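User: I have a structure to go through and I'm new to this. Can you take me through the parts?
Analyst: Yes, here it is.

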Amino acid sequence: MPLSRAEIATPSAERLINRLCKHWAHKLEVEQSDQQGKISFATGTCLMLAEPEKLVVAIETLEEEHLDELEGVVERHLIRMAGDEELAIVWEN
């Protein structure tokens, strides 16, 4: 399964997970706990984990061609949810 991962430096990891999960909960399957979030898209899954001073995001898809698409969707939403905080997101796959 194609996998992509990013470690994003931020003091707001838990807040970002909470905002993203709430945002997508109305149309996607979402699981959330205090420091974790899982969002199931039609083409793959996004796992988020809050660690001290960083947010770890992993995207897994069944098809390679969906990886770039989901990276873009998750990245755009993270940037929007971060507000004034600038996020440096570098995907590794």
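**Core and sheet**

User: Which residues have the most contacts inside the largest nonpolar core?
Analyst: Met48, Leu55, Val57, Val74 and Leu78 do, in a core of 26 residues. A nonpolar core here is a set of buried Ala, Val, Leu, Ile, Met, Phe, Trp, Tyr and Cys residues joined through side-chain atoms within 4.5 Å. Buried means under 20% relative accessible area, exposed over 50%, and partly exposed in between, with a 1.4 Å probe and protein chains only.

User: Which elements supply at least two residues each?
Analyst: β1, α1, β4 (44-51), β5 and α2 (65-82) do. The largest share, seven residues, is from α2. Helices (H or I, at least four residues) and strands (E, at least two) are DSSP runs, numbered from the N terminus.

User: Where do these numbers come from?
Analyst: This is a predicted model, where local features need pLDDT of at least 70, side-chain atom pairs count only at pLDDT 80 or more, and totals for chains, interfaces and linings use all residues. Residues are numbered from 1 along each chain as its sequence is written, and side-chain values use heavy atoms, with hydrogens and water left out.

User: OK, the sheet. What order are the strands in?
Analyst: The order is β1-β5-β4-β3-β2, an open sheet of five strands with antiparallel pairing. Two strands pair if DSSP finds at least two bridges between them. β1 and β2 (29-32) are at the edges with a single partner strand each, so one side of each has no neighbour in the sheet.

User: How many bridges join β1 and β5?
Analyst: Seven, in the antiparallel sense, with β5 covering residues 54-61. Among them, Ile8 has Leu55 as its bridge partner, and Ala9 has Lys54.

User: Which side chains of β1 are buried?
Analyst: Ser4, Ala6 and Ile8, which point to one face. Leu3, Arg5, Glu7 and Ala9 point to the other face and are not buried.

User: And the helices, which strands do they lie across?
Analyst: α1 lies across β2, β3 (36-40), β4 and β5, at about 150° to β4. α2 lies across β1, β4 and β5, at about 150° to β5. Axes are lines fitted to C-alpha atoms, for helices over the stretch in contact (heavy atoms within 4.5 Å), and angles run from 0 to 180 degrees between N-to-C directions.

User: Different spot: is Ser12 buried or exposed?
Analyst: Ser12 is buried, at a relative accessible area of 15%. Ser12 sits in the loop between β1 (3-9) and α1 (13-24).
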